[in-house]
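Please read the following account with the model open beside you, turning to each part as it is named. The paragraphs take up one region after another.

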Amino acid sequence: MCYSSGEALQALEDNNIEGYIPNFGQYKHDREGFSYDKKNDKYICSQDKDLPFKKIEDTVNKPLYDRMHVKLQTQKAKRMKKLRSSTVEPVLGKLFRHAPGKYPGYSASQ
């Protein structure tokens, strides 16, 4: 399970864990210039025209990412991020720096 994956976000919800994980990668909360018609599963451009085909694809986990995005805009999330940067991040940095290769997918430069 990868950090910030749909699987990780689902596990948080399934286990009633209040997590604050930033969305990485290709996630886009909004598609600038487009609105999504959920009922008809299509995008509409800013000139009120339907896209002739569904060119923009979203992951099946988009609702999970969207909920996390909204949650990360709250004051509590901002406090949690500040707390994490002063407590957790320094410890992780030391672990990654002093045990290179022990934590696959992470490096001291992250």
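In this predicted model, strand 1 and strand 2 form a hairpin with 4 residues between them, and Asp41, which sits in the turn, has a positive phi of about 50°. The two strands, residues 34-37 and residues 42-45, run antiparallel and are joined by 4 bridges. Within this pairing, Asp37 stands opposite Lys42 of strand 2.

Positive phi values also occur in the loops. Asn16, a residue other than glycine, has a positive phi near 50°, and it is found in the loop between helix 1 and strand 1. Asn16 counts as exposed, because its relative accessibility is 72%. On the other side of the hairpin in sequence, the loop between strand 2 and helix 2 holds Asp48, which has a positive phi of about 65° although it is not a glycine. Asp48 likewise counts as exposed, because its relative accessibility is 65%.

From the loops we can turn to the interior. In soluble globular proteins, nonpolar side chains tend to be buried together. Here the largest nonpolar core has 7 residues, namely Leu9, Leu12, Ile21, Tyr27, Leu64, Tyr65 and Met68. Helix 1 (6-14) and helix 2 (62-72) each supply at least two residues of this core, and the largest share, 3 residues, comes from helix 2. Leu9 gives a view of how the core is put together: leaving out residues up to four places away in sequence, Leu9 touches Ile21, Asn23, Leu64, Tyr65 and Met68.

The packing between these two helices can also be followed from Gly6, which is found in helix 1. Gly6 counts as buried because its relative accessibility is 6%, and, apart from its neighbours within four places in sequence, Gly6 is in contact with Asn61, Leu64 and Tyr65. Although Gly6 and Lys62 are 56 residues apart in sequence, their C-alpha atoms are 8.1 Å apart in space. Seen from the other helix, the buried residues of helix 2 are Lys62, Leu64, Tyr65, Asp66 and Met68, and these buried residues pack against helix 1.

Which charged residues accompany this packing? Two of the buried residues of helix 2 are Lys62 and Asp66, and their side chains meet in a salt bridge with an N to O distance of 2.8 Å. Because Asp66 and Lys62 are 4 residues apart in helix 2, they are separated by about one helical turn.

A search of the whole structure finds 3 salt bridges. Another of them joins the side chains of Arg67 and Glu13, at 2.8 Å from N to O, and this pair links distant parts of the chain, with Arg67 in helix 2 and Glu13 in helix 1, 54 residues apart. Both ends are partly exposed, because the relative accessibility is 43% for Arg67 and 36% for Glu13. A further salt bridge is formed by the side chains of Lys76 and Glu18, at 3.1 Å from N to O. Since Lys76 lies in helix 3 (residues 75-98) and Glu18 in the loop between helix 1 and strand 1, this pair ties together parts that are 58 residues apart in sequence. Lys76, at 36% relative accessibility, counts as partly exposed, and Glu18 is partly exposed with a relative accessible area of 47%.

Lastly, there are the aromatic rings. A search of the whole structure finds 0 aromatic pairs, but Lys71 lies over the face of Tyr20, at 4.6 Å from the ring centre.

Conventions. Residues are numbered from 1 along each chain as its sequence is written. This is a predicted model: local features need pLDDT of at least 70, side-chain atom pairs count only at pLDDT 80 or more; totals for chains, interfaces and linings use all residues. Side-chain values use heavy atoms; hydrogens and water are left out. Rings of Phe, Tyr and Trp (its six-membered ring) pair if their centres lie within 6.5 Å; planes under 30 degrees apart count as stacked, over 60 as edge-to-face and the rest as tilted. A charge sits over a ring if NZ of Lys or CZ of Arg is within 6 Å of the ring centre and within 35 degrees of the ring normal. A nonpolar core is a set of buried Ala, Val, Leu, Ile, Met, Phe, Trp, Tyr and Cys residues joined through side-chain atoms within 4.5 Å. Buried means under 20% relative accessible area, exposed over 50%, partly exposed in between (1.4 Å probe, protein chains only). Contact means heavy atoms within 4.5 Å. Two strands pair if DSSP finds at least two bridges between them. A salt bridge is a side-chain nitrogen of Lys or Arg within 4 Å of a carboxyl oxygen of Asp or Glu.
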